[in-house]
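Please look over the sequence and structure shown here. The report after them deals with a ligand site, empty space and backbone geometry.

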Amino acid sequence: MAVIDYETGISKLGDLIRDIEDFPKPGIVFKDITPLLANPGGLSLAVEYLTQPFRKLHVDLVVGAESRGFIFGTAVAQSLSAGFVPIRKPGKLPYDTHSETYDLEYGSDQVEIHCDAIKPGNRVLLIDDVLATGGTMAACCRLVEKLGGEIVGAAVLIELAFLHGRSKLDGRPLHSVLTYETE
Ligand code: AMP
């Protein structure tokens, strides 16, 4: 890949994200990352921009939530020579789990982690594609801390800043590659 400056890279990534209106329900503008994933330069740039701030911070484990957190999380883990830990929807993990519940607009949802996935003192980076209301990322942070993990930071490709999800992270450091201030 040719070397490009950061602003050009950000603009290229933005061009590879497709807005799908009224998906999965009316009123939601869905950020479709599949064009970015299918673009070789775009994918490696996204992984590089997610990883960059954490290169010198010594990360033991990258944690990603089902399912798009798996895509970027494993790539970032490999780039940092760290391990990868999946967080999944209820009932999917085969061994003993811890779970956390979080609020949705209507109702609630749950995420689970294997109870031995993180050792006390492990330095953990959390990765997801999109931070919307922040409920998923906040629940994942609580799971990591329940197991004694030390959160180095959280990183997302896309922050929907108008939904104020960052405030749910209670000051835990968040790095976002692309920030959308309006829908
Ligand atoms: P939230 O818990 O509200 O921050 O939602 C975060 C999760 O839902 C992420 O794992 C995203 O994959 C997905 N998500 C929420 N809103 C959107 C959106 N507008 N476009 C794409 N994915 C979204």
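The sections below take the ligand site, the pocket, the cavity and the backbone in turn. The model is predicted.

## Ligand surroundings

The ligand is surrounded by 14 residues, and the closest of them are Asp128, Asp129, Thr133, Gly134 and Thr136. Sorted by class, this shell consists of 6 nonpolar, 4 polar and 4 charged residues.

Three elements each give at least two residues to the shell: the strands β2 (29-32) and β7 (123-131), and the helix α5 (135-146). Of these, β7 provides the largest share of the shell, with 4 residues.

## Polar contacts of the ligand

Val29 contributes through its backbone: one of its polar backbone atoms is 3.0 Å from a nitrogen atom of the ligand. Thr133 contributes through its side chain, where an N or O atom is 2.5 Å from an oxygen atom of the ligand. With Gly134 the backbone is involved again, as a backbone N or O atom of this residue lies 2.8 Å from a ligand oxygen atom.

The ligand taken alone exposes 490 Å², and the protein buries 82% of that area.

## The largest pocket

Which space does the ligand take? The ligand occupies the largest pocket. This pocket holds about 1100 Å³ of space. It is lined by 36 residues, and those closest to its centre are Arg68, Leu104, Ala132, Thr133 and Thr136. Two of these names, Thr133 and Thr136, also appear among the residues closest to the ligand.

Two or more lining residues come from each of β2, β5 (97-103), β6 (108-114), β7 and α5. The largest share of the pocket lining, 4 residues, comes from β7, the strand that also gives the largest share of the shell around the ligand. By class, the pocket lining has 17 nonpolar, 6 polar and 13 charged residues.

## The cavity

Apart from the pocket, how many cavities of 30 Å³ or more does the structure hold? There is 1 such cavity. The space in the largest cavity is about 30 Å³.

The residues lining the largest cavity are Val29, Lys31, Leu160, Phe162, Tyr180, Thr182 and Glu183. Their classes are 4 nonpolar, 1 polar and 2 charged. Val29 therefore has two roles here, since it lines the largest cavity and has a polar backbone atom 3.0 Å from a nitrogen atom of the ligand.

## Backbone geometry

Most residues other than glycine have a negative phi, and most peptide bonds are trans. Against that background, three places in the backbone can be listed.

The peptide bond from Phe23 to Pro24 is cis, and its omega is near 0°. Pro24 belongs to the loop that joins β1 (18-21) and β2. A second cis peptide bond runs from Glu66 to Ser67, with omega near -5°. Ser67 is in the loop between β3 (61-65) and α4 (68-79). Ser81 is not a glycine, yet its phi is positive, at about 55°. This residue is placed in the loop between α4 and β4 (83-87).

Conventions:
Residues are numbered from 1 along each chain as its sequence is written. This is a predicted model: local features need pLDDT of at least 70, side-chain atom pairs count only at pLDDT 80 or more; totals for chains, interfaces and linings use all residues. Side-chain values use heavy atoms; hydrogens and water are left out. A residue is near a molecule or strand if one of its heavy atoms lies within 4 Å of it. A polar contact is a pair of N or O atoms within 3.5 Å; within protein, one must be able to donate a hydrogen and the other to accept it, and residues adjacent in sequence count only if both atoms are side-chain atoms. Accessible areas come from the Shrake-Rupley method with a 1.4 Å probe; for residues, only the protein chains shown count as cover. On a 1 Å grid over the protein atoms alone, a cavity is a set of points where a 1.4 Å probe fits but cannot get out, and a pocket is an open set with protein on both sides within 12 Å along at least five of seven lines; lining residues have an atom within 4 Å of a point. A molecule sits in a cavity or pocket if more than half of its atoms lie within 2 Å of its grid points. Ala, Val, Leu, Ile, Met, Phe, Trp, Tyr, Cys and Pro count as nonpolar, Asp, Glu, Lys and Arg as charged, and the others, Gly among them, as polar. Grid points are joined across faces, edges and corners, and a volume is the space filled by probe spheres set on the points.
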